[in-house]
Amino acid sequence: MILQGRIWLFGDNIDTDAIIAARYLSTTEPRELAAHLMEDIKPDFPGLVQNGDIIVAGNNFGCGSSREHAPLAIKGAGISCVIARSFARIFYRNSINIGLPILECDEDLSGLRAGEDQLKVNFDLGTITHLQSGREYQAAPFPPFMQELISRGGLVEYVKARLEGC
Amino acid sequence: MMSYGNGMTMVEKIFAARVEQDRLSPGDLVNVKVDLALGNDITAPVAIKEFKRFGLDRVFDPEKIVLVPDHFTPNKDIAAAEQALVLRRFAEDYGLKYYFEVGRMGIEHALLPEQGLVRPGMIIIGADSHTCTYGAIGAFATGVGSTDLAAAMASGEAWFKVPPTIRFEYSGHLPEWVSGKDLILLTIGDIGVDGARYRAMEFAGTAIDTLPMDGRLTMANMAIEAGGKCGYMQPDQITFDYLEGRVAQAYTSVYSDQDAVYEKRYTYDVSNLEPQVAFPPSPDNVYPVSEAKGVKLDQVVIGSCTNGRIDDLRAAASVIRGRKIKKGLRLLVIPATQQIYRQAMDEGLLADFIDAEAAVSTPTCGPCLGGHMGILARGERALATTNRNFVGRMGHPESEVFLSSPAVAAASAVAGTIVHPGEVLS
Ligand code: SF4
């Protein structure tokens, strides 16, 4: 799988309340949630983000609550993938379970220009290419078990197949 | 690796027993049967939607799924009412034994241990990040997402990566007015909000040996605030006394080996510890209460899955008894379950709060997540016994939340500014 998109930058410890505030949790509709994505820390974000864009963040992205609404809101906004130095574990789990591609990359991407620079992400190789400069970054590849989860289309499909004995 | 032992930690042993292997190490992936799967009125509707994709007419075990509408209940608006209805219908349709309706419920993480649903050695998942609370009883318990809950409701299973364990040792004995909340705030302040990311946190030491169960539950509850996968105490007499009369089934306590391998160890001498306060906007922004002195408050909240238990209400009431809260300040007291509410009533604690001019509410998460029942306006500042103080957590993005123990919260409600309980009492 190869994705390409314009990037948006976020810092360390972006919590799930920042991604989607609790006051919007009385819906589970991804598009409705997306209208409030990152609203409390970047109010103009829902208006700026376009289909295919990529979120680039620092350490511990998605810390805080277990709300699956957070990756759902990101997916609902059309974000194609999230790249962070590290993810909080429940967010990581949830993203994989719902089929939102995420990558851990320990290299410093914070110098990129938000809303301008484009990245090309190759999930099979775990490489991230900065289109403007051609510079390449290496991300951690998925463990085989998770590759299987993703290739089956997420956890529900994976367990369904197990329950059906295939 | 810091240690060179060959033994296993409690969490490694719980998983190893389940997959019938002699040995498991951090990083190993396991697929295990869970003993309990939990959801609430925010996360379960998403899980139920996903569960429907399985096309099953039954859940894996109607006695091992627990649904608790606690976040936006009693229903705060029409949307919340519809979500709560999804849970109620599902519980009826699939014959779930443990669905707790308003009037019988409580905040999930106070309710499950109280109702005897948590036993040592269990594997518990909950679609709520504070599911880690149950580690205080020697269970492996961790927060997952709604899709995990859906899969577990269908198959009874969940996948895990065995986490490395960090050991936290608290030596000495806690001074007066210093509680489990202060120990965990101290720890998070020290290691940071990702200091235990993906890790199990083992809490031990002389200060833990004498810490009552309510204080232990508070500590394990906030493991997630350090990024922990779980936080736990190994069962001892305090655990067994707590379980007595609550749990009928037999259980097997699991203990870390003497030579267990820990990724890291932290030790704290707590004999001279001051009560701790987390400043906004993060639970790791922690200072001793003396450095928070004088911070002016608009609202104080005593409650939540962190500190809404009977010991918490007793500590708060002992400070507030016979006093009035500061004019212009609002104090909200929210017992975490119906049973705690009733007990607080019997002990006269609710009268203490009401006489002090506090508002006392039926159990709900309410203000803890900025849901309802105590939202902050722009520029307002609260001190809460809850667990998170992120931007906008309790209301307007420009409001602020400080975190503390119930004793500090009660004293500060009287003073109108953050203060050590000793100062209010003297
Ligand atoms: S009291 Fe707060 S932290 Fe606890 S379950 Fe409710 S919303 Fe979550």
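Start by colouring chain B by pLDDT. The average is 96, and 99% of the residues score at least 70. This is a predicted model. Its overall scores are ipTM 0.89 and pTM 0.94.

**Stop 1: the interface**

Show both chains and select the contacts between them. On chain B, 45 residues are in contact with 40 residues of chain A. Together the two chains bury about 3800 Å². Carbon and sulfur atoms account for 59% of that area.

Now turn to the charged pairs. Five salt bridges cross the interface of chain B and chain A. For one salt bridge, select B:Arg197 and A:Glu104. Their side chains meet with an N to O distance of 3.9 Å. Polar contacts come next: 20 residue pairs across this interface, with both residues at pLDDT 80 or more.

Which elements of chain B supply at least two residues each to the side that touches chain A? Select these ranges on chain B:

- strand E1 (29-33) and helix H2 (43-51)
- helix H3 (78-93) and strand E6 (140-143)
- helix H5 (146-155) and strand E7 (157-161)

H5(B) gives the most, with six residues. Recolour this side of chain B by class: 22 residues are nonpolar, 12 polar and 11 charged.

**Stop 2: helix H4 of chain A**

Move to chain A and select residues 69-76, helix H4. Seven of its eight residues are buried, so the helix is mostly covered. The buried ones are A:His69, A:Ala70, A:Pro71, A:Leu72, A:Ala73, A:Ile74 and A:Gly76.

What covers the buried residues of H4(A)? From chain A, the cover includes helix H1 (16-19), helix H2 (30-34) and strand E2 (54-57). Strand E3 (81-84) and helix H5 (89-98) of chain A are also among the covering elements. Chain B takes part too, through its H2. That H2 of chain B also supplies at least two residues of the side that touches chain A.

Step just past the helix to A:Gly78. Its phi is positive, about 90°.

**Stop 3: A:Asn60**

Stay on chain A and go to the loop between E2 and H4, where A:Asn60 sits. Its phi is near 60°, a positive value in a residue other than glycine. Is A:Asn60 buried or exposed? Its relative accessible area is 0%, so A:Asn60 is buried.

**Stop 4: B:Tyr198**

Return to chain B. Find the loop between helix H6 (180-191) and strand E9 (200-204), and select B:Tyr198. Here, too, the residue is not a glycine, yet phi is positive, about 70°. B:Tyr198 has a relative accessible area of 25%, which means it is partly exposed.

**Stop 5: two cis peptide bonds**

Select B:Thr73 and B:Pro74. A cis peptide bond joins them, with omega about -15°. B:Pro74 lies in the loop between strand E3 (65-68) and H3 of chain B.

Next, select B:Pro280 and B:Pro281. The bond between them is cis, with omega near 0°. B:Pro281 belongs to the loop between strand E12 (276-278) and strand E13 (286-288) of chain B.

**Stop 6: B:Ser404**

End in the loop between strand E18 (400-403) and helix H14 (406-415) of chain B, at B:Ser404. B:Ser404 counts as buried because its relative accessibility is 0%. Which residues does B:Ser404 touch, not counting those up to four places away in sequence? Select B:Lys181, B:Leu185, B:Gln276, B:Val277 and B:Asn307. Then add B:Leu383, B:Ala384, B:Thr385 and B:Ala409.

Definitions and conventions:
Residues numbered from 1 in each chain as written. Chains lettered and ligands numbered in written order. Heavy atoms only, no water. Contact = heavy atoms within 4.5 Å. Buried area = accessible area lost by both parts, 1.4 Å probe. Salt bridge = Lys/Arg side-chain N within 4 Å of Asp/Glu carboxyl O. Polar contact = N/O pair within 3.5 Å; in protein donor to acceptor, adjacent residues only side chain to side chain. Helix = DSSP H or I, 4+ residues; strand = E, 2+ residues; numbered from the N terminus. Nonpolar A, V, L, I, M, F, W, Y, C, P; charged D, E, K, R; others polar. Buried < 20%, exposed > 50% of the residue type's maximum accessible area, 1.4 Å probe, protein only. pLDDT = per-residue confidence, 0-100.
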